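Student: Could you take me through one part of this model up close? I'd like to look at the sheet and whatever packs on it.

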Amino acid sequence: MNTGRPPPQIIVEIDRAMRAGNMTEAARLATRALGGGMSHPILFTLRAGARRRDGDLGGALADLNAARKLNPRSANVLIGIADALNALGRHREAIAAARDALAIDRMLAAAWFQQGQAHQVLNELGAASAAFSEVVRIDPRQAEGWACLANLAALQGRNAEARSSGARSLSLEPGNATAKLALARADLAEGHQSEAEARLSELIASQRSAPELRAMALGYLGDIRDAQDHTAEAFEAYSQSGVLWLSLQEPRQSGHESATAQAARLTAAVAALPSEGWPRAAPVRSRFDDSHGIAFILGFPRTGTTLLAQILAGLPNIAVLEEKPVFAKAVQDFFTSRDGLARLALLSDAEIARYRDDVWQRIRETGIETRARLVLDQNALNTCYLPVILRLFPEAPVVFTLRDPRDVVFSCFRRQFGANVFTLEFHTPQRAAALYAAAMDLAQVCRERLGFRPFDIRNEDLAEDFDGQTRRLCEFLGLDWRESLRDFDAAARARTVATISSLQVRRGINRDGIGQWRRYRIQLAPMLPQLASFVERFGYGPD
């Protein structure tokens, strides 16, 4: 604040407090200075820090943005913005802020760390691993960077790497909870249940563990209890994990329409369309599309969409798009307002072409090779966006995966997903069942009103008759069936599969998950009536 004049007394006091390491007092004085009409990036940054510590993320972000306007080249301000955006769940924006900081100085480990955190939550595990690798390259004594690398390796089944990075982290910070969780994951994957249980119990009991890590640890403890056939204790651990996740994630959705409510609203809107539905658009070639087209694998999480995509990935000229939000613009424009579906129905061919361009541009930005390939979009939750898919891509084949609804809902409840508006509903069985029912109702009304004619494939049938089911699937998609498809699990182990189902896919076809809900019949009883009609519709027995 060098103006050529002696600084005001309050600035002297702020400087003195900062030199003494008393950031609480510095922030208090900065707040007073701002209230008195002073304006400087340091003042806004100090107040932002206090607001961040008090949990006022919106206020902290507002102050940091004010600081950025006053000093656009401050990398530290940009890192603070990325941190606040990550905490708010706005991970794409956090990546952009971190990149802006790295454009100023690529040796900023903190900027790489924020970028890695955002990519990990978005399930972009390769990009997350690259970012955390930069963190430890720049600062090899960064314990949390090593811990995050260990965590990513454990998630992808690279257990030796997880143990190596985890040990490196703990040598720098013996109490690092992220590293301990990664090592527990590796223990579980290798069948060392007692070692995993000891690590998890320590994490859960420690009040120093971040709530997110305690929630994860409870989920894995539930898996141990499940393997021991202690179903009541397992369900309790899963439930406690869900309660913790809800306490962390639900406040971010305050005031926003839930995924279940949106799906129900869209179902009612499609049902109200004239009996002839809406006019079918002629397929329009996008200027960004250099592929053999696009196909969709829809259904619901835990129904086998990742499994099917990885089976088909073994064929030549296939590109798998793993759960990327490529319909973001269309969803924002048509699904967030009451008249959105009516406007979607009235799109001209030229407008449809523009939205298709946007989708293909987003696909290309993911980095997958699309040239002369059929792109498979395997995002199961795109079922909730089915009307926009049918409007923009009426020619695209759609595969619809099915599995016993009771196993689907229980599996969604017990597994741990990246946070978004959909997965928020998975933290209790009743809410998961409600979202499942809303999504299936939407798919059904699209069959009745919008001419939706997918290829339905049941996960259980695939386990019973792999060759027959995959032959019919390939025929539907216009692909040549090959015997090598049977070895998809070996191929999956050699590639990065960035979804919650990746470890199961690497194990190949098995019947382990069929009928798991029966072991939890008592605990799941409250939500079973919600699923009864779908159990019958999809051909599953009542018991």
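Tutor: In this predicted model, five strands line up as an open sheet, in the order E2-E3-E1-E4-E5, and the pairing is parallel. At the edges sit strand E2 (318–321) and strand E5 (455–458), each of which pairs on one side only. Neighbouring strands in the sheet are turned against each other by 20 degrees on average, direction ignored.

Now go to the E5 edge. Strand E4, residues 398–402, pairs with E5 in the parallel sense, over four bridges. If you want a spot to click on, try Phe400, which stands opposite Asp456 in E5.

Next, what lies on this part of the sheet? That's helix H24 (residues 466–477), which lies across strand E1 (294–298), E4 and E5. Compared with E5, H24 runs at about 160 degrees.

How far should you trust what you're looking at? The chain averages a pLDDT of 89, and 92% of the residues score at least 70. Over residues 498–503, though, the pLDDT is below 50. That stretch still has 19 contacts in the model beyond near neighbours in sequence. Where pLDDT is low, the predicted coordinates should not be read in detail, so go easy on those contacts.

Technical notes
Residues are numbered from 1 along each chain as its sequence is written. This is a predicted model: local features need pLDDT of at least 70, side-chain atom pairs count only at pLDDT 80 or more; totals for chains, interfaces and linings use all residues. Side-chain values use heavy atoms; hydrogens and water are left out. Two strands pair if DSSP finds at least two bridges between them. Helices (H or I, at least four residues) and strands (E, at least two) are DSSP runs, numbered from the N terminus. Axes are lines fitted to C-alpha atoms, for helices over the stretch in contact, and angles run from 0 to 180 degrees between N-to-C directions. Contact means heavy atoms within 4.5 Å. pLDDT is the predictor's confidence in each residue, from 0 to 100.
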